[in-house]
Amino acid sequence: MGMTGPSGSIGGRRGRGSRRAPMSEINVTPLVDVMLVLLIIFMITAPLLASAVPVDLPESRAKPVETEEQEPVQLSITGDDTLYIGEEQVSEAELPARLDAIVREQKEGERPRQIMLRADKGLDYGRVMRVMGELNRAGLSRIALVTTGSDTEPAVVTRGSETGQ
């Protein structure tokens, strides 16, 4: 005579067999899997959404420039001649004051902040040069021109002027 497990006749219920008690714990493995997939998706797409100002950039075959540990200032000029510092629209009249404020934020002995200038390729060259002149007047001489890569290369940042260093 052998002993059987809980579903057998010895020591267990008779009839329809034993019923398991409801499990009161939540299986979090699928939740963790979904959250990790979402995290990966956001990590990939977040750098692509860094500049929300739509600008039709010109193409270039220049090699990308390494950025520094200090966050560069994004200055954009759209096709309809609107200026943006970061994602905030700035009028032509208040641009010099805003640039002076950026210079005042610097600490003593620190290199001037790098400016990433993004200009629509349909703009007048003189318009872009007037903005670069304002940057130079304010003392922000580290200007990088942002372009898109050719069909086979990704978007790049080309080093603009670095006068005065």
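This briefing walks through a predicted protein model, from its overall layout down to a few single residues. The protein has 165 residues, with three helices and seven strands. Helices (H or I, at least four residues) and strands (E, at least two) are DSSP runs, numbered from the N terminus. Residues are numbered from 1 along each chain as its sequence is written, and side-chain values use heavy atoms, with hydrogens and water left out. Because the model is predicted, local features need pLDDT of at least 70 and side-chain atom pairs count only at pLDDT 80 or more, while totals for chains, interfaces and linings use all residues.

**The whole protein**

- Along the sequence, the elements come in the order α-β-β-β-β-α-β-α-β-β.
- Buried residues (under 20% relative accessible area; exposed is over 50%, and partly exposed lies in between, with a 1.4 Å probe and protein chains only) make up 30% of the 165 residues.
- The protein exposes about 11800 Å², and carbon and sulfur atoms supply 57% of that area. Accessible areas come from the Shrake-Rupley method with a 1.4 Å probe, and for residues only the protein chains shown count as cover.
- Take the contacts (heavy atoms within 4.5 Å) between residues at least 6 apart in sequence: 65% of them join residues at least 24 apart.

**How confident is the predictor?**

- The mean pLDDT (the predictor's confidence in each residue, from 0 to 100) is 76, and 68% of the residues reach 70 or more.
- Among the elements, strand 4 (residues 88–90) has the highest mean pLDDT, 91, and strand 7 (residues 156–162) the lowest, 52.

**The largest nonpolar core**

- A nonpolar core is a set of buried Ala, Val, Leu, Ile, Met, Phe, Trp, Tyr and Cys residues joined through side-chain atoms within 4.5 Å. The largest one here has 20 residues, and Leu75, Leu99, Leu117 and Leu135 touch the most other members.
- Two or more core residues come from each of strand 2 (73–77), strand 3 (83–85), helix 2 (95–104), strand 5 (115–119) and helix 3. Helix 3 gives the most, with five residues.
- Leaving out residues up to four places away in sequence, leucine 117 touches Leu75, Ile77, Val128, Val131, Met132, Ile143, Ala144, Leu145 and Val146.

**Helix 3**

- Helix 3 (residues 125–138) has 14 residues and reaches 20 Å from its first C-alpha to its last. That is close to the 20 Å expected at 1.5 Å a residue, where the expected span is 1.5 Å times one less than the number of residues.
- Its buried residues are Arg127, Val128, Val131, Met132, Leu135 and Ala138. Seen down the helix axis, they fall within an arc of 135° (taken from the directions from the axis to the C-beta atoms), so they line one face of helix 3.
- Here is a handy rule: an α-helix has 3.6 residues a turn, so residues three or four places apart point the same way.
- Just after helix 3, glycine 139 takes a positive phi of about 95°.

**Helix 2**

- Leu95, Leu99 and Ile102 are the buried residues of helix 2. They cover an arc of only 55° around the axis, which puts them on the same side of helix 2.
- Ala97 and Arg104, on the other side of helix 2, are exposed.
- The buried residues of helix 2 pack against strand 2, strand 3, strand 4 and helix 3.

**Residues to look up in strands 2 and 3**

- Isoleucine 77 sits in strand 2 and is buried, with a relative accessible area of 0%. Its C-alpha is separated by 9.2 Å from that of arginine 127, 50 residues apart along the chain.
- Aspartate 81 belongs to the loop between strand 2 and strand 3. Its phi is near 70°, a positive value in a residue other than glycine, and aspartate 81 is partly exposed, with a relative accessible area of 39%.
- Isoleucine 85 lies in strand 3 and is buried, with a relative accessible area of 10%.
- Neighbours within four places aside, isoleucine 85 is in contact with Val73, Gln74, Leu75, Val90, Leu95, Arg98 and Ile102. The C-alpha atoms of isoleucine 85 and valine 73, twelve residues apart along the chain, are separated by 7.2 Å.
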